[in-house]
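Visitor: I'd like a walk through this one, and I'll keep asking how you know. Can you show me what you're looking at?

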Amino acid sequence: MWGKAGSIENAQKIFQSIDNPDDFTYNSLIYIYGLNRMGLEAVDLYRKMPDHLRNEITYVCVLNACSHSGLLNEARSIFNEISQKSKQIIAAMIDCLSRLYIFDEAQKLIDDYEKSNPPCSVMYMAILSGARNSRQHILSQKIYDRMIMLFPNEKETLKSGSVLLGNTYLSIGDHEQAKNVRLNRIKALGTKIQPGVSWTEFNGEILEFKANDRRHPQSKEIHAKAKYISDVLMKHGHEYDASWITRPLGEDETIESVLCTHSERLAIAYHFLQEENPSFIQITKNLRVCGDCLIYVSIVLDRATKLIAKIWQCKIIVRDANCIHHFSPDGTCSCQDHF
């Protein structure tokens, strides 16, 4: 519970209070380290865990931790040590490789697995997600076409895959092809797509924000504060990444106006509206957090949330559908810039 809430210290205290941790206890903390993008800590605890306590859950948790922290060598070493590799273990390794854009090796694991097992959609989704992040539209189309053939009855998976494919085309500026993907999805799978929502707490009240949200009584002030924060970020060298915009811009929209009103950015702006210099902000998001809000473009330019934490000396915790990011006042993130 503490780990899922981003409070690693409390989770560690409970673990350390147990005289003889069992497999469930070890697995829980390894999982929590991975969830909070603390891959090195997960691997270290895995190495300290008695061999006879390790099981499939252990391997999946530690490989996922490596995947979310970009620890390729550690993942390969652990994967090679496992004698009986289940579908879940192989999928976790494929995810690790795909996040680092090592697609040939990831595809080879799929090919080897399918020699004696039915195809697994999770493995293909891992490659598709990596292809989107690396903007490889040809690979994305190839993987999605194969998914349609292999998993015709997995409608929700195909819908998610279609969104990734369309976003890949948008990331390279091919709006026409992205539109075709969307129209095909609507025709074959329906229109319902889960909207992105962010929640945050202030003075005991839970607040909800969607992209460009205008529902809050102080929405005018919140948007003005978001614009102010954006202006400060740009003065510090921040550049907005248009590849994370997943639709054509309207006539009165700019790249900045769209990205600085994402749900998580409005949640942050709300806190700065309530307090001039908040020391701590925590946000939970139902979908994966946009790359412009989290990752970096080069060694020189930090992305928005890291930069906000650094400029205003504020600790920010953001939980999305995949993991928890801890942004520190020194401008670093627990994920070590691995998105």
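Guide: Sure. Two strands count as paired if DSSP finds at least two bridges between them. Keep in mind that this is a predicted model. With that rule, five strands form an open sheet in the order β2-β1-β3-β4-β5.

Visitor: How do you know that β1 and β3 pair?

Guide: Count the bridges. Strand β1, residues 197-202, is joined to strand β3, residues 280-285, by three bridges, and the cut-off is at least two, so they pair. They run antiparallel. If you want a spot to look at, T200 has I283 as its bridge partner in β3.

Visitor: What does β1 do on its other flank, towards β2?

Guide: β1 and β2 pair over six bridges, again in the antiparallel sense. T200 stands opposite L207 in β2, and F202 stands opposite E205.

Visitor: What makes β1 and β2 a hairpin, and what sits in the turn?

Guide: They pair in the antiparallel sense, and there are two residues between them. N203, in that turn, has a positive phi of about 55°.

Visitor: Why is the pairing in this sheet called mixed?

Guide: In general, strands of a sheet can pair either parallel or antiparallel, through backbone hydrogen bonds. Here β3 and strand β4 (residues 315-319) run parallel, joined by five bridges, while β4 and β5 pair in the antiparallel sense over four bridges. Both senses turn up, and the pairing is mixed. You can follow it at I317: this residue is the bridge partner of Q282 and stands opposite H326 in β5. β4 and β5 also form a hairpin, with four residues between them.

Visitor: And what makes the sheet open, with which strands at the edges?

Guide: The edges are β2 (205-210) and β5 (324-327). Each has a single partner strand, so one side of each is left without a neighbour in the sheet. From one strand to the next, the twist averages 20°.

Visitor: Let's leave the sheet. Why is the contact between D44 and K48 called a salt bridge?

Guide: Side chains of opposite charge can pair when their charged atoms come close. For D44 and K48 the N to O distance is 3.0 Å; the cut-off is within 4 Å, so the pair qualifies. The two are four residues apart in helix α3 (residues 39-48), which puts about one helical turn between them. A search of the whole structure finds 13 salt bridges.

Visitor: How do you know which helices line the second largest pocket?

Guide: A lining residue has an atom within 4 Å of a pocket point. The second largest pocket has 17 of them, with M1, T25, S28, L29 and I32 nearest its centre. Helices α1 (8-16), α2 (23-35) and α4 (56-69) each supply at least two, and α2 gives the most, with seven. The volume is about 380 Å³.

Visitor: What is the lining of that pocket like, by class?

Guide: It has 12 nonpolar residues, four polar and one charged.

Visitor: One last thing: where does the label "repeat: PPR" come from?

Guide: From UniProt, in an unreviewed entry, which places the feature at residues 55-89. Such annotations may be inferred rather than shown by experiment. In the model, that stretch is 77% helix and 0% strand, and its end C-alpha atoms are 11 Å apart.

Methods:
Residues are numbered from 1 along each chain as its sequence is written. This is a predicted model: local features need pLDDT of at least 70, side-chain atom pairs count only at pLDDT 80 or more; totals for chains, interfaces and linings use all residues. Side-chain values use heavy atoms; hydrogens and water are left out. Axes are lines fitted to C-alpha atoms, for helices over the stretch in contact, and angles run from 0 to 180 degrees between N-to-C directions. On a 1 Å grid over the protein atoms alone, a cavity is a set of points where a 1.4 Å probe fits but cannot get out, and a pocket is an open set with protein on both sides within 12 Å along at least five of seven lines; lining residues have an atom within 4 Å of a point. Grid points are joined across faces, edges and corners, and a volume is the space filled by probe spheres set on the points. Ala, Val, Leu, Ile, Met, Phe, Trp, Tyr, Cys and Pro count as nonpolar, Asp, Glu, Lys and Arg as charged, and the others, Gly among them, as polar. A salt bridge is a side-chain nitrogen of Lys or Arg within 4 Å of a carboxyl oxygen of Asp or Glu.
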